[in-house]
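Colleague: I have a model open and would like a close look at one part of it. Could you walk me through a single strand and what surrounds it?

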Amino acid sequence: GLNFIDLMVRQGNIDNPPKTPLVPGFECSGIVEALGDSVKGFEIGDRVMAFVNYNAWAEVVCTPVEFVYKIPEDMSFSEAAAFPMNFVTAYMMLFEVANLREGMSVLVHSAGGGVGQAVAQLCSTIPNVTVFGTASSFKHEAIKDSVTHLFDRNADYVQEVKRISTDGVDIVLDCLCGENTGKGLSLLKPLGTYILYGSSNMVTGETKSFFSFAKSWWQVEKVNPIKLYEENKVIAGFSLLNLLFKQNRSGLIKSVMDKLINLYKIKKIKPVVDSLWALEEVKEAMQRIHDRGNIGKLILDVEKAPTPLMANDSTETSEAGEEEEDHEGDN
């Protein structure tokens, strides 16, 4: 699976970036080739999906058994590689952190991305949940059925949400950070929960990533604890990778994966795969996610042969985008 966090790793926009050379990637699917001596519950030949602390973009991957899960019979390998990060993140934010219940409302940014689509699907498993989403306008046609109210990511979504729901929303899921933090908090109802789970606005043109990083955080309104107390609002953060690899919560994650796999089996949820790419095409795949051109998840497939890109494919738009960004930097 290719995730926005992989772009942040590449640009060094994370705490303690790993030293190069390294193989990126945090999730994968495949067939068990070998087992440690004490491993129980798996056999060679099992179809599995797994979390990996880096090194997922490889032909052979090694990871502790507590991060490995069997793939349901009717799930493809590409769906399985698109499943763990997005659905566990979405499920834990909605149900473990924000306690989503019947009749609530949720605002999710990047509604066309992998996590956004997982959030929309999981919200549909609870009666009468209203989902507000922001996404690039060219994605609206493809995702309009999964979201109750859809807004252009560049529009004034605060006013749009308030026009439909005057007192705001119960849950805000923010992967953008920056100026959206203040907007998200302003939209929260009393007892509402705002969750920051990423900072994709920090990923911009190569040359100015550090400056955009600083600018993005500079725009975050200082959160006043007294104001939170007066307004009865909850502010939270969520990092699945820290939960898995630093805070030893693999048991909790496994119980969530069991619930998600059951939801998949009864056809309540299904990963949305945007496209498959050969390992040699990782540059173009990263550019597509950088340009927010994807609807759902991008997958790197080790068995796929590279295919020549057509003239109207993503690199043309990305090169134009890069030129624009360089021009902006010159200004």
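How much area does the chain expose, and what percentage of it do carbon and sulfur atoms supply? After that, please zoom in on strand E4: which strands pair with E4, and in which sense?

Modeller: Happy to. Keep in mind that this is a predicted model. On your opening point, the chain exposes about 17000 Å², with 52% of that supplied by carbon and sulfur atoms. There are 331 residues, and 48% of them count as buried. For secondary structure, you'll find 13 helices and 11 strands. Taking contacts between residues at least 6 apart in sequence, 67% join residues at least 24 apart.

Now to E4, which spans residues 105-108. E4 belongs to an open sheet of 6 strands with parallel pairing, and the order reads E6-E5-E4-E7-E8-E9. At the edges sit E6 (149-152) and E9 (234-237), each of which pairs on one side only. From one strand to the next, the twist averages 15 degrees.

So much for the setting; here are the neighbours. On one side, E4 runs parallel to E5 (residues 130-135), and 4 bridges join the two. On the other, E4 pairs with E7 (residues 169-174), again in the parallel sense, over 3 bridges. Val 106 is a good residue to click on, as it takes part in both pairings: its bridge partner in E5 is Val 131, and in E7 it stands opposite Ile 171.

Next, look at the two faces of the strand. In a regular strand, side chains alternate between the two faces of the sheet. In E4, Ser 105 and Leu 107 are on one side, Val 106 and Val 108 are on the other, and all four are buried, leaving both faces covered.

As for helices, H3 (residues 84-97) lies across E4, E7, E8 and E9, and it runs at about 145 degrees to E8. H4 also packs on the sheet, where it touches E4, E5 and E7, its direction making about 170 degrees with that of E4. H4 covers residues 114-123 and is the helix of a right-handed β-α-β unit, with E4 and E5 as the strands.

If you step one strand further out, past E7, you reach E8 (residues 188-196), joined to E7 by 5 bridges and running parallel with it. One pair to look for there is Asp 174, which stands opposite Leu 196 in E8.

Methods:
Residues are numbered from 1 along each chain as its sequence is written. This is a predicted model: local features need pLDDT of at least 70, side-chain atom pairs count only at pLDDT 80 or more; totals for chains, interfaces and linings use all residues. Side-chain values use heavy atoms; hydrogens and water are left out. Buried means under 20% relative accessible area, exposed over 50%, partly exposed in between (1.4 Å probe, protein chains only). Two strands pair if DSSP finds at least two bridges between them. A crossover is right-handed if, with the strands pointing away from the viewer, the path from the first strand over the helix to the second runs clockwise. Contact means heavy atoms within 4.5 Å. Accessible areas come from the Shrake-Rupley method with a 1.4 Å probe; for residues, only the protein chains shown count as cover. Axes are lines fitted to C-alpha atoms, for helices over the stretch in contact, and angles run from 0 to 180 degrees between N-to-C directions.
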